[in-house]
Amino acid sequence: MVTLIESEAPVATRYLAQLHQHAGKAHIIGITGSPGAGKSTLVSRLVRELRKREKKVAVVAVDPTSPFSGGAILGDRIRMLELSGDPNVFIRSMASRGSLGGLSASTRDVVRAMDAAGYDPIIIETVGTGQAEVEVMRTAQSVVVVVAPGMGDDIQAIKAGILEIADIFAVSKMDKPGAQQTVAELAMLLSLDPNRKKSSWRIPIVKTSALKESGLDELADRLQEHRTFLHESGMMETREQRQVQSELRALILQAVSHALTEAVSEDEWSSLIDKIIRRERDPYSVARELEARIGLQQS
Amino acid sequence: MGERPIRVLVAKPGLDGHDRGAKVIARALRDAGMEVIYTGIRQTPEMIVEAAIQEDVDAILMSILSGAHMALFPRVMELLRENGVDDVLVAAGGILPDEDIPAIKEMGIKGCFGPGTSTETIIQFVKENVQPERLATEV
């Protein structure tokens, strides 16, 4: 089933349409952060903590697809070995298959299937690119950004995109020197945020150490609190609206892209591209022509 | 139209830690456009079969150099059968003595690849032996 969804098979859409009725119960948690920040390890330990609380947990771990060969090595399971043998934990690795933004195009659908299957919570671990993983915001309800100590410049990079998407910060590797400083820097960045006073959710910084197995209970508590907060404040609705909107857009854009592939052969593509490069045609009129061919109105 | 990438599980059952071969294979398969789930060393047959089911792989490649293949491979095959997995290609590599190979193939392990096998051979083998029905995205 998940394989069909991931392949974006036409038949999967029919199933998904039915699954939609049964989904919507799970808490969907996104975990993101730079490569090597400790996402997989943190996920593994968090799942163990959630299992202590009798939750049935699903993990979707996304790793990058090579843009050259289209292949991928999915290695997140290596760090989740301690979870094997537990029938209430389902781990699925996905390759990003050319999609940017830290998730694959079908991650949302896979999450929907797991939601309908009764897993709650569902944890999505993104590709670690350290920037622009805003895509996870369009799928998850609570976003945890993992920050490792000793990456001073990382804080700089975080200032832009990631700071805005975090609902919770988890500083990993608290057993390492410099970790306290990372916490202090993060706290300072958060205090600079002008929206902080307006929002009633104060982004917590959770200190975790997978080595010392500390902070995981706190992280699980904060996630629970965040979920409660979303429901009580009405934010859950706002987020859902935003998510449905982005999903609809994505589905339509996908259809357009398919229509384009159907309507224009590879040969025609290359001949058009050639003409544009030789300045015989311009990209704007060619785009117009193709838009009209797939039924888009000319404006 | 309508083919997805082949998904392969590369696993090292048993206690030896010599994973260079497995990593070379994983890398080569990736470069051939496959999605490789690599689970690392010291896997029990239970872990391998669980991963294969959750990841819904098309092929399982096991590498073993410790000599425990005659104990571990039958268990993997047995667990696969118990779980109703009958359409996944299974192959093995590592140090497999010639006299054991007929017995290994008897278990349902389709390919045995010893040291010196080119990665090209293995890529070709996987491509040719994965059940084509598994890869179709249209039913």
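**Two chains, two parallel sheets**

In this predicted model, the contact between the two chains draws 25 residues from chain B and 24 residues from chain A. On the chain B side, H1, strand E2 (35-38) and helix H2 (45-55) each put in at least two of the residues that touch chain A. The largest share comes from H2(B), with six residues. Sorted by class, the side of chain B that touches chain A splits into eleven nonpolar, five polar and nine charged residues.

The two chains also share a sheet. Strand E3 (residues 72-74) of chain A pairs with E2(B) in the parallel sense, over three bridges. In that pairing A:Ala72 sits opposite B:Glu35 of E2(B). E2(B) thus turns up twice in this account, as a supplier of residues to the side of chain B that touches chain A and as the strand that pairs with E3(A).

Taken as a whole, this open sheet has six strands, and its order reads E3(A)-E2(B)-E1(B)-E3(B)-E4(B)-E5(B), with parallel pairing. The edges are held by E3 of chain A and strand E5 (111-113) of chain B; each has a single partner strand, so one side of each has no neighbour in the sheet. Ignoring direction, neighbouring strands are turned by 20 degrees against each other on average. Further in, strand E1 (residues 7-11) and strand E3 (residues 59-64) of chain B run parallel and are joined by four bridges. Here B:Leu9 has B:Ile60 in E3(B) as its bridge partner. H5(B) packs on this sheet and touches E1, E3, strand E4 (89-94) and E5 of chain B, with its direction at about 165 degrees to that of E4(B).

Much of chain B is covered by a record: an unreviewed UniProt entry annotates residues 5-136 of chain B as "domain: B12-binding". In the model, the end C-alpha atoms of that span lie 10 Å apart, and the span is 44% helix and 18% strand.

Helix packing in chain B comes next. Helix H1 (residues 20-31) and helix H5 (residues 119-129) of chain B pack at an angle of about 60 degrees, and their axes are 10 Å apart. The pair therefore counts as oblique, H1(B) against H5(B), and H1(B) passes H5(B) in a right-handed crossing. From H1(B) come B:Val24, B:Ile25, B:Ala28 and B:Leu29, which meet B:Thr119, B:Ile122, B:Ile123 and B:Val126 of H5(B). Seven of the residues in this contact are nonpolar, one is polar and none is charged.

H2(B), the helix with the largest share of the side that touches chain A, also packs within its own chain. H2(B) and helix H3 (residues 69-82) of chain B meet at an angle of about 40 degrees, with 9 Å between their axes. H2(B) and H3(B) are therefore oblique as well, and H2(B) passes H3(B) in a right-handed crossing. H2(B) brings B:Pro45, B:Glu46, B:Ile48 and B:Val49 to the contact, while H3(B) brings B:Leu72, B:Arg75, B:Val76, B:Leu79 and B:Leu80. The tally by class is seven nonpolar, no polar and two charged residues.

Chain A has an open sheet of its own, made of seven strands in the order E4-E2-E5-E1-E6-E7-E8 and paired in parallel. Strand E4 (89-95) and strand E8 (205-207) of chain A stand at the edges; each has a single partner strand, so one side of each goes without a neighbour in the sheet. From one strand to the next, the twist averages 20 degrees. Within the sheet, strand E6 (residues 142-147) and strand E7 (residues 168-171) of chain A pair in parallel over four bridges, and A:Val147 stands opposite A:Val171 in E7(A). Helix H8 (residues 216-233) of chain A lies across strand E1 (28-33), E6, E7 and E8, running at about 170 degrees to E7(A).

Chain A also offers a helix pair with a left-handed crossing, H2(A) with H4(A). Helix H2 (residues 10-22) and helix H4 (residues 107-116) of chain A pack at about 50 degrees, their axes 9 Å apart, and that angle makes H2(A) oblique to H4(A). A:Leu16, A:Leu19, A:His20 and A:His22 of H2(A) meet A:Asp109, A:Arg112, A:Ala113 and A:Ala116 of H4(A). The contact of H2(A) with H4(A) divides into four nonpolar, two polar and two charged residues.

Conventions: Residues are numbered from 1 along each chain as its sequence is written. Chains are lettered from A and ligands numbered from 1 in the order in which they are written. This is a predicted model: local features need pLDDT of at least 70, side-chain atom pairs count only at pLDDT 80 or more; totals for chains, interfaces and linings use all residues. UniProt positions are given in the numbering used here, feature names are shortened, and annotations may be inferred rather than shown by experiment. Axes are lines fitted to C-alpha atoms, for helices over the stretch in contact, and angles run from 0 to 180 degrees between N-to-C directions. Angles under 35 degrees count as roughly parallel, over 145 as roughly antiparallel, 65 to 115 as roughly perpendicular and the rest as oblique. A crossing is left-handed if the near helix is turned anticlockwise from the far one by less than a right angle, and right-handed if clockwise. Two residues are in contact if their C-beta atoms, placed from the backbone, lie within 7 Å. Ala, Val, Leu, Ile, Met, Phe, Trp, Tyr, Cys and Pro count as nonpolar, Asp, Glu, Lys and Arg as charged, and the others, Gly among them, as polar. Two strands pair if DSSP finds at least two bridges between them.
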